[in-house]
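The exercises below ask the reader to work through a protein chain, from pairs of residues to the whole fold. Each task is followed by a solution in steps.

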Amino acid sequence: MKFISTLFILLLAVAIFSCRKLALVAFEPSTFTLGVGDTVFFTNSSKNAATYLWEFGDGTESEEESPYHTYDTLGVFTVKLTAISEGGGAKHTRTEDLIVE
């Protein structure tokens with residue numbers, strides 16, 4: 001009987017967690033190479049996400065869905081998007097490098 005109870009609880013847990021939609025992360029910058037002072041637009045095409053956290057690689061962040069950003073210095077910057085599913089249960093990230101010359 002203990003085995004059947006344990007099996008039932010395990011199957012119930014699998015059923016509950018498999019119903020959650022996981023956040024799928026996808027984005028594209030308007031350009032991968034830009035000049036100092038230029039603005040880049042990020043198109044967010046993530047699915048099943050409730051909130052977003054962008055890290056632009058220069059110490060600044062945004063929680064907008066599809067933000068703009070201006071880089072003030074030369075360098076290679078790794079842009080990171082974290083998509084968070086409803087309830088904050090699942091976080092997924094994607095990164096892209098941008099070159100400011």
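**Exercise 1. Find the bridge partner of Val40 in β6, and place the two strands concerned in their sheet.**

Step 1. In this predicted model, Val40 has His69 as its bridge partner in β6.

Step 2. The pairing of β3 with β6 is antiparallel and extends over three bridges.

Step 3. Both strands belong to an open sheet of three strands, ordered β1-β3-β6, with antiparallel pairing. The edge positions are taken by β1 (27-29) and β6 (68-70); each has a single partner strand, so one side of each lacks a neighbour in the sheet. From one strand to the next, the twist averages 25°.

**Exercise 2. Determine the strand order of the five-stranded sheet and identify the strands that stand at its edges.**

Step 1. The order is β2-β8-β7-β4-β5; this sheet is open, and its pairing is mixed.

Step 2. The edges are formed by β2 (33-34) and β5 (61-62). Each of these has a single partner strand, so one side of each remains without a neighbour in the sheet.

Step 3. The parallel sense appears where β2 pairs with β8 (residues 91-100) over two bridges. Here Thr33 has Ile99 as its bridge partner in β8.

Step 4. The antiparallel sense appears between β7 (residues 75-84) and β8, which are joined by 10 bridges. Two of the bridge partners can be read off in β8: Glu96 for Val79, and Ile99 for Val76. Ile99 is thus a bridge partner of Thr33 and also of Val76.

Step 5. The strands β4 and β7 also run antiparallel, joined by five bridges. In β7, Ile84 is the bridge partner of Thr51.

Step 6. Between the strands of the β7 and β8 hairpin there are six residues, and Gly87 in this hairpin takes a positive phi near 85°.

**Exercise 3. Decide whether Ser46 is buried or exposed, and describe its surroundings.**

Step 1. Ser46 lies in the loop that connects β3 (39-44) with β4 (51-55).

Step 2. The relative accessibility of Ser46 is 11%. Because the limit for a buried residue is under 20%, Ser46 counts as buried.

Step 3. The side chain of Ser46 has two polar neighbours to note. A polar atom of that side chain lies 3.2 Å from the backbone nitrogen of Ala26, and the side chain of Asn44 makes a polar contact with the side chain of Ser46 at 2.7 Å.

Step 4. With neighbours within four places in sequence set aside, Ser46 is in contact with Leu24, Val25, Ala26, Tyr52, Leu81 and Ala83. Ala26 therefore appears both in this set and as the residue whose backbone nitrogen lies 3.2 Å from the Ser46 side chain, contact being counted for heavy atoms within 4.5 Å.

**Exercise 4. Classify Gly57 by accessibility and state which residues it touches.**

Step 1. The loop between β4 and β5 holds Gly57.

Step 2. Its relative accessible area is 46%, and Gly57 is partly exposed.

Step 3. Not counting residues up to four places away in sequence, Gly57 touches Phe77 and Thr78.

Step 4. Gly57 and Leu98 are 41 residues apart along the chain, and their C-alpha atoms are separated by 9.2 Å.

**Exercise 5. State how many salt bridges a search of the whole structure finds, and name the residues that meet.**

Step 1. The search finds one salt bridge.

Step 2. The side chains that meet are those of Glu96 and Arg94, at 2.4 Å from N to O.

Step 3. Arg94 has a relative accessibility of 29% and counts as partly exposed. Glu96 was met before, as the bridge partner of Val79 in β8.

**Exercise 6. Summarise the whole chain: its elements, its burial, its contacts and its exposed area.**

Step 1. The chain contains one helix and eight strands, and along the sequence they follow the pattern α-β-β-β-β-β-β-β-β.

Step 2. Of the 101 residues in the chain, 28% are buried.

Step 3. Among contacts with a separation of 6 or more, 53% are between residues 24 or more positions apart.

Step 4. About 6700 Å² of the chain is exposed, and carbon and sulfur atoms supply 58% of this area.

Terms used:
Residues are numbered from 1 along each chain as its sequence is written. This is a predicted model: local features need pLDDT of at least 70, side-chain atom pairs count only at pLDDT 80 or more; totals for chains, interfaces and linings use all residues. Side-chain values use heavy atoms; hydrogens and water are left out. Helices (H or I, at least four residues) and strands (E, at least two) are DSSP runs, numbered from the N terminus. Buried means under 20% relative accessible area, exposed over 50%, partly exposed in between (1.4 Å probe, protein chains only). A polar contact is a pair of N or O atoms within 3.5 Å; within protein, one must be able to donate a hydrogen and the other to accept it, and residues adjacent in sequence count only if both atoms are side-chain atoms. Two strands pair if DSSP finds at least two bridges between them. Axes are lines fitted to C-alpha atoms, for helices over the stretch in contact, and angles run from 0 to 180 degrees between N-to-C directions. A salt bridge is a side-chain nitrogen of Lys or Arg within 4 Å of a carboxyl oxygen of Asp or Glu. Accessible areas come from the Shrake-Rupley method with a 1.4 Å probe; for residues, only the protein chains shown count as cover.
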